[in-house]
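Colleague: I'd like a close look at one part of this model rather than a tour of everything. Could you pick a strand, start from its surroundings and walk me through what sits around it?

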Amino acid sequence: MVVRQIRTGRDNFSYLIFDEKTRMAALVDPGFDASEALGIIKDEGLDLRYVINTHHHGDHTASNGEVISETGAKLVASREDGANLKDSVDIHVWEGDALSLGCVSLKFLGAPGHTKGGLCIIVGDGYLITGDTLFINDCGRCDLPGGSLKDMFATLQKLKELDDQLIVFPGHDYGPMPSDTLGNQKRISGVLLARDIDEFSRL
Ligand SMILES: [Fe+2]
C-alpha cells in the first residue's frame, strides 16, 4: 500500500492511494490543481478507480471533473456534501461504508462539524485522512455554512477512540509538520485535549 501526500495550491493536501500489486488507485481531494497527481498516475501506470471528496469545498474539489474525464474514475462523496458539488456523485458513502483497492481497504467515518457531510477515511490500518476535520494541532472551522461546533466536538471524540498508531493526514498544511501520529496529537493538540464542549468552545 502506498499513500502519497501531494501538496497542491497554496496549502492544500491531496492524497494518492494505491495498491502496488494491482495498481488500483484512489485520489482524495484533487484540489484546484491535480496536475502533479495526474503525472504520478501516468508515470506509475495506475488505474484510478475513485476520486473521493472529504467535503464539498472548492479548494478540495475544483479539479474533480478534469481528473474524472482523464481517468474515468468514479466520484465518491457523502450524500449531504455531494449535493453541493457541481459534479455528479457515483457512490455515496457515510459512516461504516468501505471501498477497496485490491488489498487496500478504505473505511469511511461520518465526520460532521466543518461541513454537514464531512468524511474521514481510514486507509488500511495505517493512515487516517481527515480533510478539514482534524489538522495537525488544530481542527477545521465550524463557522462556515453547514458547520457546527457541537458536531465537531462529537466528531473529535469519535476520532480519539481510534488507534494511536494511525498517521493523521490532514487536508491542509497548517501545522508545524505535514502529518503526525494520532497518538501524539491526542497528547498535544488542544482540540483533542478539550474535556467538554465549553472548554472546546473557548479555544
Ligand atoms: Fe473546507
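Modeller: Sure, let's take strand β4, residues 47–52, bearing in mind that this is a predicted model. In β4, 5 of the 6 residues are buried, so the strand is largely enclosed by the rest of the structure. The cut-off behind that word is 20 or more other C-beta atoms within 10 Å of a residue's own.

So what does the enclosing? Begin with the strands that pair with β4. Strand β3 (residues 24–28) runs parallel to β4, and 5 bridges join the two. If you want a spot to find that pairing on screen, go to M24, whose bridge partner in β4 is D47. Strand β5 (residues 74–77) also pairs with β4 in the parallel sense, this time over 3 bridges. There, look for I52, which stands opposite V76 in β5.

Next come the helices. Helix α1 (residues 35–43) belongs with β3 and β4 in a β-α-β unit, and that unit is right-handed. Then there's helix α3 (residues 64–71), where N64, V67, I68 and T71 are buried. They cover an arc of only 95° around the axis, which puts them on the same side of α3. That spacing makes sense: an α-helix has 3.6 residues a turn, so residues three or four places apart point the same way. And β4 comes back in here, since the buried residues of α3 pack against β4 as well as β3, α1, α2 (58–61) and β5. Just after α3 you reach G72, whose phi is positive, near 80°.

For contrast, hop over to A98, which lies in strand β7 (residues 98–101). A98 has 11 C-beta neighbours inside 10 Å, so it counts as exposed. Setting aside neighbours within four places in sequence, A98 is in contact with S105, L106, K107 and F108. Strand β7 is part of an open sheet of 6 strands with mixed pairing, in the order β7-β8-β9-β10-β13-β14. β7 and β14 (180–181) stand at the edges of that sheet with a single partner strand each, so one side of each is left without a neighbour in the sheet. At the β14 end, the partner is strand β13 (residues 167–170), which runs antiparallel to β14 and is joined to it by 2 bridges. To find that pairing, use V168, whose bridge partner in β14 is D180.

Notes:
Residues numbered from 1 in each chain as written. Predicted model: local features only at pLDDT ≥ 70, side-chain atom pairs only at ≥ 80, totals over all residues. Buried ≥ 20, exposed ≤ 12 C-beta atoms within 10 Å, placed from the backbone. Helix = DSSP H or I, 4+ residues; strand = E, 2+ residues; numbered from the N terminus. Pairing = 2+ DSSP bridges. Right-handed = clockwise from strand over helix to strand, strands pointing away. Contact = placed C-beta atoms within 7 Å. Arc of directions from axis to C-beta.
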